[in-house]
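Could you walk me through this model in my viewer, one selection at a time? I am new to this, so please tell me what to click on and what I will find there.

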Amino acid sequence: MVAAGRGNILASRIIHQAHSEPGWYLYAPTCALVEADRVRPGTAEQLAALPGITVLDLDLAAALTVAADSTWAHAHTRYAATPTPDRPAGAVVATAEPKRWAGEAVRVIDLTP
């Protein structure tokens, strides 16, 4: 999210795809949105206003997962990438810091230019 706020071209392309292509969905886990806004103020409002992005609530199942981890943003993002009835294939984590996800059971899109 911070990468998108800083104008990362790959993040911008993914956001454009989600807005213009049926079947493309972008999810912003609430905890990650908060952390991104702390790093770069204004990011949350900017991303939440985009029509192709769905902000994922911190529901009970997510809250229980987040409570067991050290960083809320990382835990909520990992939870969002895990398969659920709403997202049976899970989701892919788009990140400019792919090494942060090494060893995690998530698929990653590297946004490093």
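This tour visits two helix pairs and then two pockets. Keep in mind that you are looking at a predicted model.

**Stop 1: helix 5 and helix 6**

Select residues 60-67, which form helix 5, and residues 72-81, which form helix 6. Two packed helices are described by the angle between their axes and the distance between the axes. Here the angle is about 130 degrees and the axes lie 8 Å apart. Angles of 65 to 115 degrees count as roughly perpendicular and those over 145 as roughly antiparallel, so helix 5 and helix 6 are oblique to each other. Their crossing is right-handed.

Now show the side chains where they touch. From helix 5, pick Ala61, Ala62, Thr65 and Val66; from helix 6, pick Trp72, Ala75, His76 and Tyr79. Colour this contact by class and you should get 6 nonpolar residues, 2 polar ones and no charged ones.

**Stop 2: helix 3 and helix 6**

Keep helix 6 on screen and add helix 3, residues 30-39. The axes of helix 3 and helix 6 come within 7 Å and cross at roughly 140 degrees. This crossing is left-handed.

Which residues of helix 3 meet helix 6? They are Thr30, Cys31, Ala32 and Glu35, and their partners in helix 6 are Trp72, Ala73, His76 and Thr77. By class, the contact of helix 3 with helix 6 holds 4 nonpolar, 3 polar and 1 charged residues.

**Stop 3: the largest pocket**

Next, turn on a surface and look for the largest pocket, with a space of about 1100 Å³. To find its centre, select Met1, Tyr27, Val93, Ala94 and Thr95, the closest to it of the 39 lining residues. Elements that give two or more residues to this lining include helix 1 (2-5), helix 2 (9-20), strand 1 (26-29) and strand 3 (92-95). Helix 6 provides the largest share, 5 residues. Colour the lining by class to see 29 nonpolar, 5 polar and 5 charged residues.

**Stop 4: the second largest pocket**

Finish at the second largest pocket, which has a volume of about 190 Å³. Select its lining: Leu56, Asp57, Asp59, His76, Tyr79, Ala80, Thr84, Pro85, Asp86 and Arg87. Which helix gives the most to this lining? Helix 6 does, with 3 residues. The lining of the second largest pocket divides into 4 nonpolar, 2 polar and 4 charged residues.

Notes: Residues are numbered from 1 along each chain as its sequence is written. This is a predicted model: local features need pLDDT of at least 70, side-chain atom pairs count only at pLDDT 80 or more; totals for chains, interfaces and linings use all residues. Side-chain values use heavy atoms; hydrogens and water are left out. Axes are lines fitted to C-alpha atoms, for helices over the stretch in contact, and angles run from 0 to 180 degrees between N-to-C directions. Helices (H or I, at least four residues) and strands (E, at least two) are DSSP runs, numbered from the N terminus. Angles under 35 degrees count as roughly parallel, over 145 as roughly antiparallel, 65 to 115 as roughly perpendicular and the rest as oblique. A crossing is left-handed if the near helix is turned anticlockwise from the far one by less than a right angle, and right-handed if clockwise. Contact means heavy atoms within 4.5 Å. Ala, Val, Leu, Ile, Met, Phe, Trp, Tyr, Cys and Pro count as nonpolar, Asp, Glu, Lys and Arg as charged, and the others, Gly among them, as polar. On a 1 Å grid over the protein atoms alone, a cavity is a set of points where a 1.4 Å probe fits but cannot get out, and a pocket is an open set with protein on both sides within 12 Å along at least five of seven lines; lining residues have an atom within 4 Å of a point. Grid points are joined across faces, edges and corners, and a volume is the space filled by probe spheres set on the points.
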